[in-house]
Amino acid sequence: QVQLAETGGGLVQAGGSLRLACTASGRAFDTYSMGWWRQAPGKGREFVAAITRGGGTTTYADTVKGRFTISKDNTKNTLYLQMNNLKPEDTAVYLCSADRPTIARTGGNFWGQGTQVTVSA
């Protein structure tokens, strides 16, 4: 079992940056693959990025490729999402998810509560 808590959301102007963090409690953080998803008002949950348990492989949605970077620090039990050149269409609640040993494009068995990101034009 792992419990996840996201932080780092907020209000930012278009073109700005934010870094989200997802801190995990529980054991064996390094055995979990993880990722970020987002949900905008009135829309379904959308895959953003994922990373393997050791951090060696990352995947991104086409909509964020080149702007967002996912990383995982197994010494701090924390997953990150660095978001640069933010656009108004990036506005959503961002959620992290974990599963092991791999994580599906639809998400894993464990989810955080989410953090709101709002990008103004």
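**Contacts, core and one disulfide**

Let me start at Thr118. Setting aside neighbours within four places in sequence, Thr118 is in contact with Gly10, Leu11, Val12 and Thr91. Keep in mind that this is a predicted model. Thr118 sits in strand E11. Is Thr118 buried or partly exposed? It counts as partly exposed, because its relative accessibility is 28%. Its side chain also has a polar contact with the side chain of Gln116, at 3.3 Å. Then there is Asp90. Thr118 and Asp90 are 28 residues apart in sequence, and their C-alpha atoms are 7.5 Å apart in space.

Next, Pro88. You will find Pro88 in the loop between E8 and E9. Pro88 has a relative accessible area of 35%, so it is partly exposed. What does Pro88 touch, not counting residues up to four places away in sequence? Ala14, Val119, Ser120 and Ala121. Take Ala121 from that list. Pro88 and Ala121 are 33 residues apart in sequence, yet 5.9 Å apart in space, C-alpha to C-alpha.

Now the core. The largest nonpolar core has 35 residues. Which of them have the most contacts inside it? Leu4, Met34, Trp36, Leu81, Met83 and Tyr94. Several strands give two or more residues to this core: E3 at 18-25, E4 at 33-39, E5 at 45-51, E7, E8 at 78-83, E9 at 92-99 and E11 at 115-120. E5 gives the most, with five residues.

Pick Tyr94 out of that core and look around it. Leave aside neighbours within four places in sequence. Tyr94 is then in contact with Trp36, Leu81 and Met83, among others. Its contacts also include Trp37, Arg38, Val48 and Phe68. Add Glu6 and Leu20. Gly114, Thr115 and Val117 complete the list.

On to the cysteines. How many disulfides are there? The count comes to one. Cys22 and Cys96 form it, with their sulfur atoms 2.0 Å apart. The angle about the S-S bond is 55 degrees, and the link is right-handed. This pair links distant parts of the chain. Cys22 is in strand E3, Cys96 is in strand E9, and they are 74 residues apart. Cys22 is at 0% relative accessibility, so it counts as buried. Cys96 counts as buried too, because it is also at 0%.

Last stop, Lys72. Its place is in strand E7, residues 68-73. Lys72 is buried, yet it has no salt bridge. Why no salt bridge? The nearest side chain of opposite charge is Asp30, at 6.6 Å, and a salt bridge needs a side-chain nitrogen within 4 Å of a carboxyl oxygen, so the pair does not qualify.

What does the side chain of Lys72 reach instead? The backbone oxygen of Phe29, at 3.2 Å. There is also a polar contact of 2.6 Å between the side chains of Lys72 and Asn74. Now the wider neighbourhood, again leaving aside residues within four places in sequence. Lys72 is in contact with Phe29, Asp30, Tyr32 and Met34, among others. Ile51, Thr52 and Arg53 are on the list as well, and so are Thr78 and Leu79. Note that Asp30 is in contact with Lys72, although no salt bridge is formed.

To recap. One disulfide, Cys22 to Cys96. A largest nonpolar core of 35 residues. And a buried Lys72 without a salt bridge.

Note on methods:
Residues numbered from 1 in each chain as written. Predicted model: local features only at pLDDT ≥ 70, side-chain atom pairs only at ≥ 80, totals over all residues. Heavy atoms only, no water. Helix = DSSP H or I, 4+ residues; strand = E, 2+ residues; numbered from the N terminus. Buried < 20%, exposed > 50% of the residue type's maximum accessible area, 1.4 Å probe, protein only. Lys, Arg positive; Asp, Glu negative; His and termini not counted. Polar contact = N/O pair within 3.5 Å; in protein donor to acceptor, adjacent residues only side chain to side chain. Contact = heavy atoms within 4.5 Å. Core = buried A, V, L, I, M, F, W, Y, C linked by side-chain atoms within 4.5 Å. Disulfide = S-S within 2.5 Å.
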